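Thanks for coming. Please have the sequence and the structure open while I talk, and I will go through a few parts of the fold.

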Amino acid sequence: MELKARIFTVAMLAIVLSSPATAQKSPPAPATSVLPPAPAPAPAPHHVDLADLFSVAGPFHTFLEYLQKTNVIETFQNQANNTKEGITIFVPKDSAFAALKKTTFANLTQDQLKSLLLYHALPKYYSLAEFNKLSTLNPVATCAGSQYTLNLTYDMGTIQVKSMWSNPKISSSVYSTRPVAVYEVNKVLLPMQIFKSNPPLAPAPAPAPDAKASDVAPSPTSGKAASAKAKADEKNSSYQVGVSVLAYLALAVSGGLMLFW
């Protein structure tokens, strides 16, 4: 009887201990926090080497030579690389400089030459499409200072850059990616602050010499000489014929005499 009571007691304890109310609950798993992905690093700005660009495009050798001589190339490069605004440069071709007298630039002081070069740039990047709006803000200050201004016109896609003594047009886009824009112009920009009058153009090249008359037709003197030579040849020919006839007759006579021997 005691054995049955013990078995019953053990069974009851087992039932009580295995019930959900008395079972030991395991602690909840900690919630995992999902972090947003880190943003990708911003791409490094693309710096354009202006000296390299001018040396392979164009030809812009004269403009580049002046930029390097005055160190204005460093001013342009710094504006392109280290400012948010960027830069827009109007670059004349070598033929534009050659169209003006050499004294036009040779007589300038170092400061005047620097101002002239800085006058060919705007201290901000402008795409071709932005010139339509920019032309409504004339006059536009250049890198040479607020007193050195340009007037821009935009007409059906044709853009002209007007200075005091020249009114070139943008003939092509050499490079245009923010923050650098380089546009080719067909004339040098000439501000009145440097040039008090319109600089003279280079003299036109001398025309090629025409072919001499003697190269095309014989002169009267040469005609007379040719006629005299022809007569001399004719006389010489007649003389040779006469000598031949006499020689033939002499042979005939000597042959006849041989027969009488």
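Let me start with one pair of strands. β3 and β4, the latter covering residues 145–155, are joined by three bridges and run antiparallel. If you want a place to look, find T142, which sits opposite G145 in β4. Before going further, I should say that this is a predicted model.

Now the sheet around that pair. Which strands form the sheet, and in what order? It is an open sheet of three strands, ordered β3-β4-β5, with antiparallel pairing. The edges are taken by β3, residues 140–142, and β5, residues 158–162; each has a single partner strand, so one side of each has no neighbour in the sheet. On average, neighbouring strands here are turned by 40° against each other, with direction ignored.

There is another strand pairing further along the chain. How many bridges join β6 to β7? Six, between β6 at residues 170–177 and β7 at residues 180–185, and the two strands run antiparallel. Together β6 and β7 make a hairpin, with two residues between them. To find the register on your screen, take I170, which stands opposite V185 in β7.

Next, the helices. Two packed helices are described by the angle between their axes and the distance between the axes. The pair I picked is α3, residues 61–70, and α7, residues 110–118: their axes come within 10 Å and cross at roughly 125°. An angle over 145 degrees would count as roughly antiparallel, and 65 to 115 as roughly perpendicular, so this crossing makes α3 oblique to α7. As for the hand, α3 passes α7 in a left-handed crossing.

Which residues in α3 meet α7? They are F63, Y66, L67, K69 and T70, and on the α7 side the partners are Q110, L113, K114 and L117. Sorted by class, this contact between α3 and α7 has five nonpolar, two polar and two charged residues.

Last, the overall numbers. The protein has 10 helices and seven strands. It has 261 residues, and 28% of them count as buried. Taking contacts in the protein with a separation of 6 or more, 65% are between residues 24 or more positions apart.

To recap the two main items: an open three-stranded sheet, β3-β4-β5, with antiparallel pairing, and a left-handed crossing of α3 with α7. That is what I have for today.

Definitions and conventions. Residues are numbered from 1 along each chain as its sequence is written. This is a predicted model: local features need pLDDT of at least 70, side-chain atom pairs count only at pLDDT 80 or more; totals for chains, interfaces and linings use all residues. Side-chain values use heavy atoms; hydrogens and water are left out. Two strands pair if DSSP finds at least two bridges between them. Helices (H or I, at least four residues) and strands (E, at least two) are DSSP runs, numbered from the N terminus. Axes are lines fitted to C-alpha atoms, for helices over the stretch in contact, and angles run from 0 to 180 degrees between N-to-C directions. Angles under 35 degrees count as roughly parallel, over 145 as roughly antiparallel, 65 to 115 as roughly perpendicular and the rest as oblique. A crossing is left-handed if the near helix is turned anticlockwise from the far one by less than a right angle, and right-handed if clockwise. Contact means heavy atoms within 4.5 Å. Ala, Val, Leu, Ile, Met, Phe, Trp, Tyr, Cys and Pro count as nonpolar, Asp, Glu, Lys and Arg as charged, and the others, Gly among them, as polar. Buried means under 20% relative accessible area, exposed over 50%, partly exposed in between (1.4 Å probe, protein chains only).
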